[in-house]
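User: I am new to reading protein models. Please pick one part and take me through it closely, then show me how the rest is built around it.

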Amino acid sequence: MTDQAPHIDHSDQSYLDGNAAAGLLAEVFAVDATTARGRCASCGDESVLARAHVHPVAGGGLVLCCAVCEGMLARATEAAGRVRIDLRGMVWLELDADGDDDGDDAV
Amino acid sequence: MTTAWRVADVVDARPETADARTLRLRIPGLTGYLAGQHVDVRLTAPDGYQAVRSYSIASAPGAGGVAADELELTVEELPDGEVSPYLVGGVAVGDQLEVRGPVGGWFVWRPGDTGPVQLIGGGSGVVPLMSMARAHAAAGSDAPFRLLYSVRTPASGFYRDELDALAGSGAAGAPLRLDYVYTREAPPGWPHAPGRLMRDALTDAVFPPADDPTFYICGSTPFVEAVSGWLVDAGHAPDRIRTERYGGIGGAP
């Protein structure tokens, strides 16, 4: 595992929504991170991670990119039972401390 | 090792279409979920190679005779898929699967939500929308609900009988208004020639901006891009449009 940003071909449409990262992010965050708001370090857009564009990383993991500028917001990789999160693409990330949106308290 | 993975028992399996199947999973410790959530499924090959894909939940909590510790997924087989061919054609009742979730708090509908809801699904993108329609009906919700469902052929639509029952042949007071779009082959006597969903047909079938509906759109990336773009052009607020794309990259590891 390196700290190199993976190459992403933004010319195709093969990305998913940030929703798709919910399972992997649930390995790290105690509450649902896809409803968390983040500020893009590249363009300043503020949005929930569910609206980000998700691209797969070869070998297991995901990159979340800003839906406005396609700058990398976060990268989560999973290998050999370890998860590494790179959050440098966000100035901040604001989570719901009450955890009301994680679904575990559903009816 | 991380601990989010659980072992689920496959307790029922039934075909939905020629290339899609609904699996009922019993997940020990499952206490609830939200309509629209998904689970990750992990398969491990004998050599240790693992593949993970996300699948939307089709069932709704407390609806359809699904027990409290159970949920249903509907999986469509992708020709070159690593996981879906096994889930559609391989796994059997009595087998076990590794699952993570249910997860996701964004593309969800809650029974307490009272505003109009417009569901728009392309192909197997109807699965999480079906969970919402089932939850809506089970709750006896008064929230106006519509589903616009784009399918290739009459035989490729999921849940046809149940959707027809929810829509009550268009009767007033039915829990769901249902509109089909057929892209390759339409039923005999259908008033429109088969073809892709177009801008005008979309805006004719959905709630107008004045109703301030919330949109849930699920389908392939090009489908979601086109539909959400047309809705914004028609005057719908982008922050009322929630999307879930699926497609060639096969979900979230």
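Analyst: Let us start with chain A of this predicted model. Chain A holds one helix and eight strands. Along the sequence, the pattern is β-α-β-β-β-β-β-β-β. Chain A has 107 residues, and 43% of them are buried. Now take the contacts in chain A with a separation of 6 or more: 52% of these join residues 24 or more positions apart.

The part to look at closely is strand 6 of chain A, residues 72–79. Is this strand enclosed or open? Seven of its eight residues are buried, so strand 6 of chain A is largely enclosed by the rest of the structure. Being buried here requires 20 or more other C-beta atoms within 10 Å of a residue's own.

Look next at the strands that pair with strand 6 of chain A. One partner is strand 5 of chain A, residues 61–65. The two run antiparallel, and five bridges join them. Find A:Val63: it sits opposite A:Arg75 of strand 6. The hairpin of strands 5 and 6 of chain A has six residues between the strands. In that hairpin, A:Glu70 has a positive phi near 65 degrees.

Another partner is strand 7 of chain A, residues 82–86. Strands 6 and 7 of chain A are also antiparallel, with five bridges. Here A:Ala76 faces A:Ile85 of strand 7. Two residues lie between the strands in this hairpin, where A:Ala80 has a positive phi near 50 degrees.

Now to the nonpolar core. The largest one has 88 residues. Six of them touch the most other members: A:Ala21, A:Leu64, A:Leu73, B:Leu129, B:Ala133 and B:Tyr216. Two of these names can be placed on strands already visited. A:Leu64 falls within strand 5 of chain A, residues 61–65. A:Leu73 falls within strand 6 of chain A, residues 72–79. Which element gives the largest share of this core? That is helix 2 of chain B, residues 126–138, with seven residues. Both domain 1 and domain 2 of chain B give at least three residues to this core.

Follow the core into chain B. Setting aside neighbours within four places in sequence, B:Leu129 is in contact with B:Leu119, B:Gly121, B:Leu147, B:Tyr216 and B:Cys218.

Chain B also has an open sheet of five strands, in the order 9-8-7-10-11, with parallel pairing. Its edges are strand 9 (177–182) and strand 11 (241–246), each pairing on one side only. On average, neighbouring strands of the sheet are turned by 10 degrees against each other, direction ignored. Six bridges join strand 8 of chain B, residues 145–151, to strand 9. Among the partners there, B:Tyr149 is bridged to B:Tyr180. Helix 5 of chain B, residues 221–233, lies across strands 7, 10 and 11 of chain B. This helix runs at about 150 degrees to strand 10.

Last, step back to the domains. The domain assignment splits chain B into domain 1 (5–103) and domain 2 (117–246). Their centres are 24 Å apart, taken over C-alpha atoms. How many residues are in contact across this boundary? Domain 1 gives 16 residues and domain 2 gives 13. On the domain 1 side, strand 1 (5–17) and strand 5 (70–76) of chain B each give two or more. The residues on that side are seven nonpolar, seven polar and two charged.

Methods: Residues are numbered from 1 along each chain as its sequence is written. Chains are lettered from A and ligands numbered from 1 in the order in which they are written. This is a predicted model: local features need pLDDT of at least 70, side-chain atom pairs count only at pLDDT 80 or more; totals for chains, interfaces and linings use all residues. Domain bounds come from an automatic or database domain assignment. Two residues are in contact if their C-beta atoms, placed from the backbone, lie within 7 Å. Helices (H or I, at least four residues) and strands (E, at least two) are DSSP runs, numbered from the N terminus. Ala, Val, Leu, Ile, Met, Phe, Trp, Tyr, Cys and Pro count as nonpolar, Asp, Glu, Lys and Arg as charged, and the others, Gly among them, as polar. A residue is buried if 20 or more other C-beta atoms lie within 10 Å of its own, exposed if 12 or fewer, and partly exposed in between; C-beta atoms are placed from the backbone. Two strands pair if DSSP finds at least two bridges between them. Axes are lines fitted to C-alpha atoms, for helices over the stretch in contact, and angles run from 0 to 180 degrees between N-to-C directions. A nonpolar core is a set of buried Ala, Val, Leu, Ile, Met, Phe, Trp, Tyr and Cys residues joined through C-beta atoms within 7 Å.
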